[in-house]
Amino acid sequence: MTNHVLRLYALAAALLVFFLTWAAIAARPWASHSSAKADPRWAALASREHRLQHEAIAVRRVVDRRWRVYRVRLGARRRAISAAVRRHQQALAAARAAAVAVSATAPAPSYSGSTAAAPSVRVVTLPPLTITRTS
Amino acid sequence: MILRRSFRAMGTDVQLFLATEPDPLSNALLDGAEREFERLEALLSRFRPDSELSSLNENGRIHASPDLLEVVELALDARTRTSGRFDPTVYDALVAAGYDRTFEEVTQDGRSAALPAGPCGGTVTLDRSAGMIELEPGVHLDLGGIGKGYAVDRAAAILAEAGPALVDAGGDIAAIGRPDALGWRVGVETGEGTITLGLEDCALATSGRDRRRWRRDGEERHHVIDPVTGRPAETDLLRVTVVCETAVEAEVLAKALLIAGEQAATAEAEALGVASVLVTDDGRTTLAGGIV
């Protein structure tokens, strides 16, 4: 019985030593660090990053230049719109006056049909602008 | 600054006043107000054979313009409200009295027309939805006074676009706003002279027997017909001036008060609270209706 238990402990310890040894060998602690840096893919990636940074700066310059041109054109367009609005308002006032002149678009007199709300009147001492006569 | 325009329309001198600076808009509005008088005269004059009113009087019915419908409706409403003292069916009575052409052409003395004078008040049917006006056979309309009041109100509405304005068409005046603190100053003739009223956003009309008078068959006639008798009104009032909200309303009430006579007119003006200046035949002047 005692020999059987001892054999099991010995087997477990052997398995533990085996796996620890395997992990140590798989980690390759003897490989040098400089060999990884020498990988050409790293160099390609670094070069590409550098190129992209230059392209981003160039694109930013183009965008800035186009933004400035747009702002200048926008200001000119806004001034043109303001001038057009002023011309439209003047034309509208003239058209309204002309429309009123010809016609029947003037509001109809507000004839209430009642004399209850007659306006108040006062006698003043200054000379009249006009004198009413019998109609 | 007060701009001023004078012209002749509807058988009277018309003056337009506009309290504003001269500019294209104010000039256009003055032109528009003047043309509005001409347009409405062309529609509403009984002396123009081609007017809508003449066509209605000749044919007894018409598919009327909105303006003619409006004025006839106002006149019929006024006939009801004044219990017949204002009546648009006085046409034949006016012709019978000798007022059968424009006043400038009415001879100062002569023979009367063949038409007999009689009570007015025939049936006038107005269908606003169909735009139709139909007169009872033998009935004819005169819209002289109320038409002029309507034109004054319309012209005032046009000028109001530019600012304070006054439209003066003989006895009918409309005031829009005021040019200064005292309002539009309008003189009213009284028995003793002239008093000046300050007007603001209101209208004034004067009706009387002192003008538009002539002689027929040896007796004096005037243009204010009493619809009850169909003859020139016999009243102790010479002239009545009334202030109301619109020139149409003032024109109607001035005529109704003139026909009513001094006592009834004074009582009615006081009861209604309508500012009125009543001048009697013997030159007395009564201020009624709250003139202060």
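Here is a short chat between a visitor and a guide about a predicted model with chains A and B.

Visitor: How are residues numbered here, and what pLDDT do local features need?
Guide: Residues count from 1 along each chain as its sequence is written, while chains are lettered from A and ligands numbered from 1 in the order in which they are written. Since this is a predicted model, side-chain atom pairs count only at pLDDT 80 or more, totals for chains, interfaces and linings use all residues, and local features need pLDDT of at least 70.

Visitor: Where in chain A is confidence lowest, and which helix is it highest in?
Guide: pLDDT is the predictor's confidence in each residue, from 0 to 100, and chain A averages 78, with 76% of the residues at 70 or above. Helices and strands here are DSSP runs (helices H or I, at least four residues; strands E, at least two), numbered from the N terminus. Confidence in chain A is lowest in helix α2 (residues 34-37), at a mean of 58, and highest, at 92, in helix α1 (residues 2-26).

Visitor: How many residues of α1(A) are buried?
Guide: A residue is buried if 20 or more other C-beta atoms lie within 10 Å of its own, exposed if 12 or fewer, and partly exposed in between, with C-beta atoms placed from the backbone. α1(A) is hardly covered. Among its 25 residues, the buried count is zero.

Visitor: And α5 of chain B, how many of its residues are buried?
Guide: That helix, residues 144-159, reaches 23 Å from its first C-alpha to its last, close to the expected 22 Å; the expected span is 1.5 Å times one less than the number of residues. It is mostly covered, and the buried count is 16 of 16.

Visitor: What share of chain B is buried?
Guide: Chain B holds seven helices and 17 strands. One of the helices, α6(B), has 14 of its 14 residues buried. Over the 292 residues of chain B, the buried share is 53%.

Visitor: Which element of chain A gives the most to the side that touches chain B?
Guide: Two residues are in contact if their C-beta atoms, placed from the backbone, lie within 7 Å, and by that rule 36 residues of chain A are in contact with 68 of chain B. The elements giving two or more residues to that side of chain A are α3 (40-102), β1 (122-124) and β2 (130-132). With seven residues, the top contributor is α3(A).

Visitor: Which strand of chain B is joined to β2(A), and which to β1(A)?
Guide: Two strands pair if DSSP finds at least two bridges between them. Three bridges join β1(A) to β9(B) (residues 194-199), running antiparallel, and there Arg122(A) has Gly198(B) as its bridge partner. On the other strand of chain A, Ile131(A) stands opposite Gly187(B). β2(A) has three bridges too, in a parallel pairing, and its partner is β8(B).

Visitor: Why is one side of β1 and of β2 in chain A left without a neighbour in the sheet?
Guide: The open sheet has four strands with mixed pairing, in the order β1(A)-β9(B)-β8(B)-β2(A). One side of β1(A) and one side of β2(A) are free because both strands stand at the edges, each with a single partner strand.

Visitor: Which residue just after α6(B) takes a positive phi?
Guide: α6(B) covers residues 247-260, and its end C-alpha atoms are 20 Å apart, in agreement with the expected span. Just after the helix, the phi is about 95 degrees, and the residue is Gly261(B).
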